[in-house]
Amino acid sequence: MRLVQTMDYSVIVFDTAPTGHTLRLLQFPSVLEKGLAKVMSLKNKFGGLFNQMTRMFGMGDDFGDDQILGRLEGMKDVIEQVNKQFKDPDMTTFVCVCIPEFLSLYETERLVQELTKFEIDTHNIIINQVIFDDEDVESKLLKARMKMQQKYLDQFYMLYDDFNITKLPLLPEEVTGIEALKAFSRHFTSPYQGLCGKGDPVERLERKVSALQRQLHEAEEELERLKRGN
């Protein structure tokens, strides 16, 4: 709340936990605001009793009901400001990150609906770990995964036709280090295209032949190692 209140930075990014934790986090300002309102509504009924209790335990004036409720009222003002900024689409937006699988699609739909209830702007979805349909892919497992992913990708585009959807590729290595992050970040401004969408048919066929030759060479080497072992 302090970060949002001061806005000492041009942008603040909250990298939130999975959906359930995120929704509880977003509910916190409203829940706390209601709780503080309830506490202050009890002031007239129990204020005198509270003062007697603090004096009985020797807590002093710093723990009187006026001081504590004064702090709570100040916190309530901060919460109201944070809530207002969360609901301002010029200041706050929520970017949903998911993968093309059933459970992730379900959780994204649940999240978008709840964000709408909270009046928090959301119009961007990032679909991560997408396997692109490259002609070089020979693995039956990868082809099966691509077919499965495509079914859910189609559903994402159908459900969120008015959203900005960005597909990011599944990579063979982790994205760690500054240079890797810079290279990966280009996919946000220039949509990633698999090899299947690059070059003319001759180039694509040459790549496929090259991949097959590489696989044949590796198989021959493995066969020679096995023969020498026997």
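How do the residues of the lining of the largest pocket divide into nonpolar, polar and charged? They divide into 24 nonpolar, nine polar and two charged, where Ala, Val, Leu, Ile, Met, Phe, Trp, Tyr, Cys and Pro count as nonpolar, Asp, Glu, Lys and Arg as charged, and the others, Gly among them, as polar. This is a predicted model, in which local features need pLDDT of at least 70 and side-chain atom pairs count only at pLDDT 80 or more, while totals for chains, interfaces and linings use all residues. Residues are numbered from 1 along each chain as its sequence is written, and side-chain values use heavy atoms, with hydrogens and water left out.

**Confidence**
- The protein chain averages a pLDDT (the predictor's confidence in each residue, from 0 to 100) of 80, and 80% of the residues score at least 70.
- Where pLDDT is low, the predicted coordinates should not be read in detail.

**Packing of helix 2 and helix 5**
- Helix 2 and helix 5 (DSSP runs of H or I, at least four residues, numbered from the N terminus) pack at an angle of about 5°, with their axes, which are lines fitted to C-alpha atoms over the stretch in contact, 10 Å apart.
- The two helices are therefore roughly parallel to each other, a term for angles under 35 degrees on a scale from 0 to 180 degrees between N-to-C directions.
- Their contact (heavy atoms within 4.5 Å) involves residues that divide into four nonpolar, two polar and three charged.

Technical notes:
Angles under 35 degrees count as roughly parallel, over 145 as roughly antiparallel, 65 to 115 as roughly perpendicular and the rest as oblique.
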